[in-house]
Amino acid sequence: AAVLAPAAALAVTSHRAQIFPVDSRGKEEEFDRIICDVPCSGDGTFRKYRDKWGHWQHHQGRQLHSLQIQIAMRAVALLKVGGLLSY
């Protein structure tokens, strides 16, 4: 695995990721690394908690998909070439 140099700067935000803002000059920042903490549908818990199947409805899995895609696409747009995206 590649070893990355320590980050010179760090930003943590609770801003709506799919519309992450430009800087004060109206310029989009580019980042070396981005970590996306996206909303989860919880589908992966079915194998551990079988009782969830009784309450599951197909729209729950699709409900967040558009938002998840928007966040991923915005992250890619803000990532420097050769940068690292953790989703």
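Trainee: Is Cys 36 buried or exposed?

Mentor: This is a predicted model, in which local features need pLDDT of at least 70 and side-chain atom pairs count only at pLDDT 80 or more, while totals for chains, interfaces and linings use all residues. Residues are numbered from 1 along each chain as its sequence is written, and side-chain values use heavy atoms, with hydrogens and water left out. Buried means under 20% relative accessible area, exposed over 50% and partly exposed in between, with a 1.4 Å probe and protein chains only. Because its relative accessible area is 12%, Cys 36 is buried.

Trainee: Why is the sulfur of Cys 40 in no bond with that of Cys 36?

Mentor: A disulfide is a covalent bond between the sulfur atoms of two cysteines, and here the term requires a pair of cysteine sulfur atoms within 2.5 Å. The structure holds 0 disulfides, and Cys 36 is in none. For Cys 40, the closest cysteine sulfur is that of Cys 36, which is too far for a bond, at 14 Å.

Trainee: Which helix gives the largest share of the largest nonpolar core?

Mentor: A nonpolar core is a set of buried Ala, Val, Leu, Ile, Met, Phe, Trp, Tyr and Cys residues joined through side-chain atoms within 4.5 Å. The largest one has 7 residues, namely Ile 34, Cys 36, Val 38, Ile 71, Ala 75, Leu 78 and Leu 79. Helices, as DSSP runs of H or I with at least four residues, and strands, as runs of E with at least two, are numbered from the N terminus. The largest share of this core, 3 residues, comes from residues 65-78, helix α2.
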